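User: I have a fold on my screen and want to learn how to read it. Can you take me through it feature by feature?

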Amino acid sequence: MIELKTNAEIERMRRPARITGEILASLRAKVRPGVTTAELDREAERLIARLGARSAFKNYRVGDAVFPAVLCASVNDEIVHGIPSDRRELQEGDILGLDFGVEVDGFFADAAVTVTVGNDLDDESRRLLEVTERSMYEGIARACEGERLGDVGAAVQDAVEAAGFSVVRDFVGHGIGRALHEDPQVPNFGKRGRGRTLAVGMVLAIEPMVNAGTAAVRVDADGWTARTSDGRRSAHFEHTVAITKKGPEILTRI
Ligand code: MG
């Protein structure tokens, strides 16, 4: 069941959304060669406490797997759900996906960005980041009353495939509000005019995951880290978006 939010509920989602955006911006500013992904996670945890929020990710369960960190940090061929580690030292030319969310006063927000480590990025990776971010905004632009979920997915998919990259099918976006993951699922692929009709009051996490090569995914023995099956790179961008009378409003933009 899709829970429509009232204006008052969307107002309450602004605080976790702003905190999520601000912490992601702070983390992004700390990314450089030599930093470990665990250091970024600890910084995120400090900022969450300082801002009076709670982590949306730490201790998140899927079956028997419990996520141990507040931040998902996914490097190069890792698509999503990378576990921060003191052993994972970032290198010049890496790409790093930072996926982060908090809960404040019973409401959740979720956002992600993929950033360059250092300045020396190869051309394909630069294009992968640009195309993935652009595909997210193409999808967000369709998140309007009366459009269908398939219109959002098709807009993302078209932008990605026109650039010669592939959309991950194994993970999708989602509704968000009183839970981190709510109905509906928001695929980054689809057919125009198909799927649920979007309505004012829906709040969606729109989050393309885009692979340079094949869409195929494998998950590490840790039960979380999802990586490309061909070892090529992957990028991920995400915003929490409210569908309002005036169109899509990106709550996690700062
Ligand atoms: Mg999400």
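Analyst: What follows goes through helix packing, sheets, pockets and a cavity in turn. Keep in mind that this is a predicted model.

User: Start with helices. At what angle do the axes of helix 1 and helix 2 cross?

Analyst: Look at the two axes and their directions. Here helix 1 covers residues 7-30 and helix 2 covers residues 37-50. Their axes come within 10 Å and cross at roughly 145°. The crossing of helix 1 past helix 2 is right-handed.

User: Which residues of helix 1 and helix 2 meet?

Analyst: Look for side-by-side atoms; contact here means heavy atoms within 4.5 Å. On the helix 1 side they are Ile23, Ser26, Leu27 and Lys30. On the helix 2 side they are Leu40, Glu43, Ala44, Leu47 and Ile48. By class, this contact holds six nonpolar residues, one polar and two charged.

User: Now sheets. In what order do the strands of the sheet with strand 5, strand 13 and strand 14 lie?

Analyst: Read a sheet from edge to edge, not along the chain. This one is open, has three strands and runs 5-14-13, with antiparallel pairing. Strand 5 and strand 13 (217-219) each have a single partner strand, so one side of each lacks a neighbour in the sheet. From one strand to the next, the twist averages 40°.

User: How many bridges join strand 5 to strand 14?

Analyst: Two bridges join them, and the strands run antiparallel. Strand 14 spans residues 226-228. To find the register, pick a facing pair: glutamate 78 stands opposite arginine 227 in strand 14.

User: What is the order of the open sheet that contains strand 8, strand 12 and strand 15?

Analyst: Apply the edge-to-edge reading again. The order is 8-12-15, and the pairing is antiparallel. Strand 8 (166-167) and strand 15 (234-236) are the edges; each has a single partner strand, so one side of each is left without a neighbour in the sheet. Strand 12, residues 209-211, pairs with strand 15 over three bridges. Within that pairing, valine 210 stands opposite alanine 235 in strand 15.

User: Which strands does helix 3 lie across?

Analyst: Check which strands the helix touches, then compare directions. Helix 3 lies across strand 12 and strand 15. Its angle to strand 15 is about 35°.

User: How many residues link strand 9 to strand 10 in their hairpin?

Analyst: In a hairpin, follow the chain out of one strand and into its partner. Six residues make the link between strand 9 and strand 10. Three bridges join these antiparallel strands. For a facing pair, take glycine 173, whose bridge partner in strand 10 is valine 186.

User: Next, empty space. How is it found?

Analyst: A probe the size of a water molecule is rolled over the atoms, and this shows where empty space is left. Now apply that here. The largest pocket has a volume of about 550 Å³. It is lined by 27 residues, and the closest to its centre are Tyr60, His81, Phe171, Val172 and His181.

User: Which elements give two or more residues to the lining of the largest pocket?

Analyst: They are strand 9 (173-175) and strand 10 (182-186), the two hairpin strands. Strand 10 gives the largest share, four residues. Then check the chemistry of the wall: 14 nonpolar, seven polar and six charged residues.

User: What is the volume of the second largest pocket?

Analyst: About 300 Å³. Of its 18 lining residues, Arg28, Ala112, Val113, Glu133 and His239 are the closest to the centre. Helix 1, strand 7 (107-116) and helix 3 (123-141) each supply at least two lining residues. The lining has ten nonpolar, four polar and four charged residues.

User: How many cavities of 30 Å³ or more does a search of the whole structure find?

Analyst: One. A cavity differs from a pocket in that the probe fits but cannot get out. The largest cavity has a volume of about 30 Å³. Its lining includes Cys72, Ser74, His81, Asp99 and His236. Strand 4 (71-75), strand 5 (78-80) and strand 6 (95-104) each supply at least two residues. Strand 6 has the largest share, with three. The classes are four nonpolar, four polar and one charged.

Notes:
Residues are numbered from 1 along each chain as its sequence is written. This is a predicted model: local features need pLDDT of at least 70, side-chain atom pairs count only at pLDDT 80 or more; totals for chains, interfaces and linings use all residues. Side-chain values use heavy atoms; hydrogens and water are left out. Axes are lines fitted to C-alpha atoms, for helices over the stretch in contact, and angles run from 0 to 180 degrees between N-to-C directions. A crossing is left-handed if the near helix is turned anticlockwise from the far one by less than a right angle, and right-handed if clockwise. Ala, Val, Leu, Ile, Met, Phe, Trp, Tyr, Cys and Pro count as nonpolar, Asp, Glu, Lys and Arg as charged, and the others, Gly among them, as polar. On a 1 Å grid over the protein atoms alone, a cavity is a set of points where a 1.4 Å probe fits but cannot get out, and a pocket is an open set with protein on both sides within 12 Å along at least five of seven lines; lining residues have an atom within 4 Å of a point. Grid points are joined across faces, edges and corners, and a volume is the space filled by probe spheres set on the points. Two strands pair if DSSP finds at least two bridges between them.
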